[in-house]
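Let's take a walk through this structure, one neighbourhood at a time. Have the viewer ready and follow along.

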Amino acid sequence: MKAASVVANILKREGVEFLIGYPVNQIIEAAAEVDIRTIIVRQERTGLHMADAVSRVTSGDRIGVFAMQHGPGTENSFGGVAQAFGDSVPIVVLPGGYPRKLLNITPNFSSFLNYQHVTKWAEQVVLPESVPDAMRRAFTQVKNGRPRPVLVEIPVDVMREEVPDGWQYKPTPKLRVAPDPKSVSEVAAALVGAERLVIYAGQGVHYAKAWKQLRELAELLEAPVTTSLQGKSAFPESHPLSLGSGGRSISKQLHQFLKDADLIFGIGCSFATTNYGVTMPKGKRYAHATLDPLDINKDVPVELALAGDAALTLDALLLEVRDRLKGKPRGRGPAVTAEIKRLKDEWMAQWMPRLTQKTTPLSPYRVLWDLMHTVDVANTIITHDAGSPRDQISPFWECTTPLSYIGWGKTTQLGYGLGLAMGAKLAHPDKLCINVWGDAAIGFTGMDFETAARERIPILTVLLNNFSMAIELKVMKAATEKYRSTDISGNYADFAKALGGWGERVTQPDDIVPAIKRAMAKTREGTPALLEFITEKAEDFSIFG
Ligand SMILES: Cc1ncc(C[n+]2csc(CCOP(=O)(O)OP(=O)(O)O)c2C)c(N)n1
Ligand SMILES: [Mg+2]
């Protein structure tokens with residue numbers, strides 16, 4: 001069997017159902033031969049984003065795989081892999097490599113060398129018989145430890161060569177690592193001893209599927225819960241103990257509770273300093289539970305730490321905390337939830353005029369508010385993009401079910417959201433999958449709306465068109481005034497139609513809901529829909545201090 005076919009057979013054994021890619025890479029043809037659905041995108045970056053979402057929305061049970069050609073394909077893929085690395089997403093990247101006689105000779109692009117800092121594992125295969133070993137190593141790494149991309153570069157001439165008969169491959173294991181019981185006791189004591197505890201959950205809770213345990217711990221401790229953007233939907237945001245998600249813009253209750261906290265307990269999070277997450281206040285006590293010790297004491301000095309899988313960590317903590325509390329809450333709940341409710345009511349009263357505004361151009365807040373009240377939120381997977389749309393949606397979109405929101409932003413590549421929605425739809429065809437983005441964002445990856453139409457991946461894409469890079473207005477005053485440098489233009493509803501999808505431009509407040517309903521109906525028929533809302537250049541966000 002040729003090396004490319006061996007790779008395809010191994011993918012099959014690892015349970016891979018679709019290979020996303022861009023030609024030429026012989027693995028694509030070999031995959032089709034063994035009935036792995038091949039999905040061809042319009043540019044590599046979007047394909048990587050799709051693979052990324054497959055892994056995210058399945059908690060890594062299904063690993064997204066992407067293949068591209070050597071040279072231009074690998075050069076053009078860098079953004080997609082770097083984004084997955086930044087946000088810690090497990091994907092398998094299978095670049096072709098230059099033939100061995102040219103491999104590693106300048107100026108030929110070497111994936112092995114160039115992807116070192118955006119993968120957790122990169123390997124170059126120079127012998128066909130090494131393919132099964134390389135694939136075993138890659139899949140073992142991608143499924144275990146901190147989730148991040150892995151890469152196996154196979155030169156085109158190696159792909160064509162025969163792997164000697166008798167090669168073997170067993171699907172690789174997914175292992176879980178439990179925390180040290182001594183540290184568990186220390187953290188449990190601190191959690192029980194705290195007066196004003198805040199729980200901060202990251203995406204480790206999603207990957208460990210530890211949603212139930214998180215809720216149990218919060219209810220037992222009667223402690224408010226927030227999440228990172230990546231962890232959004234790990235805790236029901238309609239729950240009386242929810243403070244909503246972190247991000248650049250946040251709720252008033254989150255701001256206040258973090259300020260007043262005496263102990264912040266991070267579970268399955270990195271505590272990485274970022275503009276797109278809450279700033280961890282100084283002078284607090286921190287307890288940090290995470291899978292990768294690399295993050296401990298990195299950006300936030302912590303008093304207590306635990307290394308391990310989030311589910312096993314929470315299981316262990318629950319036993320200890322229950323024991324210390326004699327099995328039941330202490331009765332602090334009503335006071336905590338009343339305070340959260342009071343702040344939430346104040347905050348919502350302040351924002352309600354924007355969320356229900358009747359003016360034209362439309363308030364982006366109104367569009368997103370109407371969207372949330374028209375779709376079935378529990379059975380929707382939604383993602384934002386970079387720019388204002390992220391900061392307009394993330395505090396107000398109230399998630400009720402796990403993995404119903406793909407939050408991101410350790411790096412913030414404009415145009416990421418489209419591929420995420422498409423990957424989510426591939427993994428969960430029964431759900432409504434939506435990306436919300438601005439008119440600058442669509443400029444990056446918009447052509448892949450054609451992929452959604454051609455490959456029958458019926459997502460709903462919500463475009464907030466304000467004919468501007470509005471988020472840059474404040475920092476580009478002179479350039480805007482003199483040279484109109486933040487202006488952009490386009491008719492994206494027509495664009496969507498031209499690419500084979502459903503497109504509608506919406507300008508009036510009363511048309512928002514009917515248009516959303518028509519678009520949802522189109523997605524149910526198998527047609528991707530783009531709703532282009534003409535919005536104001538909003539510059540108000542729920543940002544504190
Ligand atoms: C690849 C990339 N380049 C640059 C940026 C910086 N950036 C963030 S948002 C933004 C403009 C966003 O404009 P738009 O999508 O129209 O949203 P708006 O703020 O107008 O609602 C820019 C340039 C980025 N996030 N990603
Ligand atoms: Mg814009």
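Start at the beginning of helix H15, where a side-chain oxygen of serine 363 comes to within 3.1 Å of the backbone nitrogen of tyrosine 365. Before going further, keep in mind that you're looking at a predicted model.

Now follow H15 itself, which covers residues 364–372. Nine of its nine residues are buried, so the helix is largely enclosed by the rest of the structure. The buried set includes some residues you might want to click on: Arg366 and Asp370 are in it, along with Tyr365, Leu368 and Trp369.

Step back a little along the chain and you reach the loop between helix H14 (333–355) and H15, which is where proline 361 sits. The peptide bond joining threonine 360 to proline 361 is cis, with omega at about -15 degrees.

There's another cis bond to look at, this one between threonine 106 and proline 107, with an omega of about 5 degrees. Proline 107 belongs to the loop between E4 and H6. Serine 110 is found in that loop too, which runs between strand E4 (91–97) and helix H6 (111–114). Is serine 110 buried or exposed? Its relative accessibility is 4%, and buried means under 20%, so serine 110 counts as buried. A polar atom of the serine 110 side chain lies 3.4 Å from the backbone nitrogen of phenylalanine 112. Leaving aside residues up to four places away in sequence, serine 110 touches Asn104, Gln124 and Glu153.

On to the metal. Which residues coordinate the magnesium ion (ligand 2)? Asp439 does it through OD, Asn466 through OD1 and Ser468 through its O atom, at 2.0 to 2.1 Å. Written as a sequence pattern, the donor spacing is D-x26-N-x1-S. Aspartate 439 and asparagine 466 link distant parts of the chain, being 27 residues apart. Aspartate 439 is in helix H18 (residues 439–445), while asparagine 466 is in the loop between strand E16 (460–465) and helix H20 (477–483). Both side of this pair can be checked for burial: aspartate 439 is buried, with a relative accessible area of 4%, and asparagine 466 counts as buried at 10%.

Ligand 1 brings some of these residues back into view. It is surrounded by 18 residues, and the closest are Ser388, Thr412, Asp439, Ser468 and Ala470. Asp439 and Ser468 are names you've just met as magnesium donors. Asparagine 466, another of the donors, has a polar side-chain atom 3.0 Å from an oxygen atom of ligand 1. The backbone takes part as well: a polar backbone atom of alanine 470 is 2.7 Å from an oxygen atom of ligand 1, and a backbone N or O atom of leucine 414 lies 3.1 Å from a nitrogen atom of the ligand.

How much of ligand 1 does the protein bury? On its own, ligand 1 exposes 590 Å², and the protein buries 78% of that. Helix H16 (388–393) and H18 are the elements that give two or more residues to the shell around ligand 1. H18 gives the most, with four residues. By residue type, the shell divides into nine nonpolar, seven polar and two charged.

Next, a pair of backbone oddities. Phenylalanine 271 isn't a glycine, yet its phi is positive, at about 55 degrees. You'll find phenylalanine 271 in the loop between strand E10 (263–267) and strand E11 (285–290), and it is buried, with a relative accessible area of 5%. Arginine 456 also has a positive phi of about 55 degrees without being a glycine. Arginine 456 lies in the loop between helix H19 (449–454) and E16. Here the side of the cut-off changes: arginine 456 is exposed, with a relative accessible area of 54%.

Finish the tour at glycine 500, in the loop between helix H21 (492–498) and strand E17 (502–506). Glycine 500 and proline 528 are 28 residues apart in sequence, and their C-alpha atoms are 8.5 Å apart in space. Not counting residues up to four places away in sequence, glycine 500 touches Ala453 and Thr527.

How values were computed: Residues are numbered from 1 along each chain as its sequence is written. Chains are lettered from A and ligands numbered from 1 in the order in which they are written. This is a predicted model: local features need pLDDT of at least 70, side-chain atom pairs count only at pLDDT 80 or more; totals for chains, interfaces and linings use all residues. Side-chain values use heavy atoms; hydrogens and water are left out. Buried means under 20% relative accessible area, exposed over 50%, partly exposed in between (1.4 Å probe, protein chains only). A polar contact is a pair of N or O atoms within 3.5 Å; within protein, one must be able to donate a hydrogen and the other to accept it, and residues adjacent in sequence count only if both atoms are side-chain atoms. Contact means heavy atoms within 4.5 Å. Donors are N, O and S atoms within 2.8 Å of the metal (3.2 Å for Na, K and Ca); water is not among the atoms, so sites may look incomplete. A residue is near a molecule or strand if one of its heavy atoms lies within 4 Å of it. Accessible areas come from the Shrake-Rupley method with a 1.4 Å probe; for residues, only the protein chains shown count as cover. Ala, Val, Leu, Ile, Met, Phe, Trp, Tyr, Cys and Pro count as nonpolar, Asp, Glu, Lys and Arg as charged, and the others, Gly among them, as polar.
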